[in-house]
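Visitor: Could you take me through one part of this fold up close? I'd like to hear about the sheet, and how the rest of the chain sits around it.

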Amino acid sequence: MPKHVTPQTKYCPRCHHLAEQRSTPGYCAAHHAEWQLHRRGAVTWARWALATRNVVLLDTETTGLDSQAEVLEIALLSTQGEVLFDSLVRPLGPIPVAATAVHQLDADAVAQAPSFRELHPRLVALLRKRFVVVYNAAFDRRILDQTCARYDMAALRPAAWHCAMLEYAKFSGVWNAAKQDYRWHKLQGGDHSALGDCRATLATLARMAEETG
Ligand SMILES: [Zn+2]
């Protein structure tokens, strides 16, 4: 049977040239080589994050996704697995049912929790000069910024924000043709609590750092 009609024949999702057999995401030789470069970059980044003392992992649970959404829970974890911060947050606005369905937090759960105003000074101190790693950093950063703005308080300004989701996307190498970029993946092993998602992010970094290829 000629090669081009065998069921194994695959075409590169980026350029539609014939895929390399050895390329797990099905790239052609050129795009496989480029992906290997990106993947090595992600592995190097994960090793750097795990070995750098002033890196902290952060995650939040929120009242939603839009421009009105606020922080409901926030956790900070060291790369050694030490819990640096873990608190519920009493929001100013209501908690939509759809948000509660995700993380099980409702108004009763946070009725006795401190407000973001009360937590803000400790968060500023903990994040000062830290590299903050978040699974989907753009989202948590936006929610934190808009929560700070709602209280008319200064935005949290760590040394830098790093996104574990974008690094993991490069590491996995699955192509998203619609976005013309590596596909984003849901956080594996997350439990929709801020601390649980920090731990799942740490485990994701560890998996990436272990890679020997
Ligand atoms: Zn290609």
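Guide: In this predicted model, the sheet is an open one with five strands in the order 3-2-1-4-5, and its pairing is mixed. At the edges you'll find strand 3 (83–88) and strand 5 (160–163); each has a single partner strand, so one side of each is left without a neighbour in the sheet. Ignoring direction, neighbouring strands are turned by 25 degrees against each other on average.

Let's start with strand 1, residues 55–62. On one flank, strand 1 runs antiparallel to strand 2 (residues 71–78), and seven bridges join the two. If you want a couple of pairs to click on, L57 has L77 as its bridge partner in strand 2, and T60 is partnered by I74. On the other flank comes strand 4 (131–134), which runs parallel to strand 1 and is joined to it by three bridges. There, V56 stands opposite V132.

How enclosed is strand 1? Eight of its eight residues are buried, so strand 1 is largely enclosed by the rest of the structure. In a regular strand the side chains alternate between the two faces of the sheet. Here both faces are covered: V55, L57, D59 and E61 are buried on one side, and V56, L58, T60 and T62 are buried on the other. Set that beside the whole protein chain, where buried residues make up 32% of the 213 residues.

Two helices worth putting on screen with strand 1 are helix 5 and helix 7. Helix 5 (residues 137–150) lies across strands 1, 2, 4 and 5, and it runs at about 70 degrees to strand 1. Helix 7 (residues 194–210) lies across strands 1, 2, 3 and 4, at about 140 degrees to strand 1.

Now walk out from strand 2 to the edge. Strands 2 and 3 run antiparallel and are joined by five bridges, with E73 taking L88 in strand 3 as its bridge partner. The hairpin of these two strands has four residues between them, and G81 there takes a positive phi near 90 degrees. Past strand 3, P94 sits in the loop that leads to helix 2 (97–103). P94 counts as partly exposed, with 13 other C-beta atoms within 10 Å. Its C-alpha is 9.5 Å from that of E70, although the two residues are 24 apart along the chain.

Away from the sheet, have a look at helix 1 (residues 29–51) and helix 6 (residues 164–172), whose axes come within 7 Å and cross at roughly 135 degrees. That makes helix 1 oblique to helix 6, and the crossing is left-handed. On the helix 1 side, the residues in contact are H38, R39, G41, A42, V43, W45 and A46, which meet E167, K170 and F171 in helix 6. Those contact residues divide into five nonpolar, two polar and three charged.

Zooming out, the protein chain has seven helices and seven strands, in the order α-β-β-β-α-α-α-β-α-β-α-β-β-α from the N terminus on. Among contacts between residues at least 6 apart in sequence, 59% join residues at least 24 apart. The C-alpha atoms fill a box of roughly 70 × 40 × 25 Å along the principal axes.

Key: Residues are numbered from 1 along each chain as its sequence is written. This is a predicted model: local features need pLDDT of at least 70, side-chain atom pairs count only at pLDDT 80 or more; totals for chains, interfaces and linings use all residues. Axes are lines fitted to C-alpha atoms, for helices over the stretch in contact, and angles run from 0 to 180 degrees between N-to-C directions. Angles under 35 degrees count as roughly parallel, over 145 as roughly antiparallel, 65 to 115 as roughly perpendicular and the rest as oblique. A crossing is left-handed if the near helix is turned anticlockwise from the far one by less than a right angle, and right-handed if clockwise. Two residues are in contact if their C-beta atoms, placed from the backbone, lie within 7 Å. Ala, Val, Leu, Ile, Met, Phe, Trp, Tyr, Cys and Pro count as nonpolar, Asp, Glu, Lys and Arg as charged, and the others, Gly among them, as polar. Two strands pair if DSSP finds at least two bridges between them. A residue is buried if 20 or more other C-beta atoms lie within 10 Å of its own, exposed if 12 or fewer, and partly exposed in between; C-beta atoms are placed from the backbone.
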